[in-house]
Amino acid sequence: MRKTIKKLNRKLYGLHKYFNNKVVWITGASSGIGEALAYAMSTAGAKLILSSRRIDELERVKQACSAPGLVHVLPLDLSDTNSLEAKVQEAINCFGSIDVMVHNGGITQRSLVIDTEIEVHRRLMELDYFSYVVLTKALLPHFIGRKAGHFVVTSSVMGKIGTPMRSAYAAAKHALHGFFDCLRAEVAADNIKVTILTPGYIRTNISLYAATNKPYGLGKPSENIENGLPAGQAAKQIMKAIKRAAFEAYIGKLSGERIGLWLNRFLPGVLTRIAPKLVPK
């Protein structure tokens with residue numbers, strides 16, 4: 001038991017040592033993974049810039065952080081991509097520099113292709129893909145000028161595989177992999193890192209706002225998500241992935257989602273045959 005405790009303390013110390021005084025900008029920080037990541041990084045000594053649309057929720061998260069004095073709230077609307085470029089300079093001005101950009105905001109989707117209006121596809125691409133691209137392009141000169149920086153991108157298992165009722169969401173997440181893999185190849189010589197996260201089911205409220213073939217969200221919890229990894233544990237996995245500068249990292253339980261990624265890599269034909277049965281619950 002003592003050896004286990006000592007090993008855990010060394011790991012926690014390693015995370016604290018790595019993130020202490022680093023400036024981390026997190027989008028989608030008012031709930032879910034972003035909120036949990038804010039708490040974990042604040043505890044590790046990071047200086048935080050928290051962004052989402054909901055100012056009151058961002059202020060709540062700020063006050064719940066271990067060091068609220070080292071947290072700036074920067075409201076933004078990821079769906080309004082024309083406003084995002086100006087937000088980058090505001091973010092830089094908060095602490096004078098940015099070390100880590102965590103792209104985390106977005107929405108999910110639940111509807112069959114035949115039922116899904118094209119506007120749902122456009123909404124998902126604008127929010128889950130184009131907002132990331134706009135913010136990245138605007139922040140990139142800052143990272144290049146400093147010869148340092150780290151883009152952390154919240155994709156999904158759905159960014160690697162395809163299952164029923166997730167077409168718009170999977171398309172946006174697949175696009176993230178293509179864009180950020182290319183970016184990594186371009187900026188490696190400038191000491192800029194890119195980590196793509198592929199979370200499985202994480203226990204958040206994301207399914208409540210899932211886009212459907214209707215103009216409103218799904219409005220009900222998901223059984224899969226309710227049984228997923230707690231967001232606090234996901235935040236710790238994410239911080240470890242950032243610390244080791246992983247190119248790509250699965251975040252979640254050792255369960256069906258992880259097996260799906262393994263099958264996609266080594267036995268794609270098997271995954272293709274079972275995919276029709278993988279309807280989200």
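Trainee: How many residues does helix 8 have, and how far does it reach?
Mentor: Helix 8 runs over residues 231-243, so-numbered from 1 along the chain as its sequence is written. It has 13 residues and reaches 18 Å from first C-alpha to last, close to the 18 Å expected at 1.5 Å a residue; that expected span is 1.5 Å times one less than the number of residues. Helices here are DSSP runs of H or I with at least four residues, and strands are E runs of at least two, numbered from the N terminus. Keep in mind that this is a predicted model, where local features need pLDDT of at least 70, side-chain atom pairs count only at pLDDT 80 or more, and totals for linings use all residues.

Trainee: Which residues of helix 8 are buried?
Mentor: Ala231, Ala234, Ala235, Ile238, Met239, Ala241 and Ile242 (buried means under 20% relative accessible area with a 1.4 Å probe, protein chains only).

Trainee: Why are they on the same side of helix 8?
Mentor: Because they cover an arc of only 160° around the axis, taken from the directions from the axis to the C-beta atoms.

Trainee: What comes just after helix 8?
Mentor: Ala245 is there, with a positive phi of about 55°.

Trainee: New topic: which residues of the largest nonpolar core touch the most other members?
Mentor: Trp25, Ile98, Leu139, Phe151 and Phe180, out of 43 residues. Such a core joins buried Ala, Val, Leu, Ile, Met, Phe, Trp, Tyr and Cys residues through side-chain atoms within 4.5 Å.

Trainee: And which element gives the largest share of this core?
Mentor: Helix 5, with 10 residues.

Key. Heavy atoms only, no water. Buried < 20%, exposed > 50% of the residue type's maximum accessible area, 1.4 Å probe, protein only.
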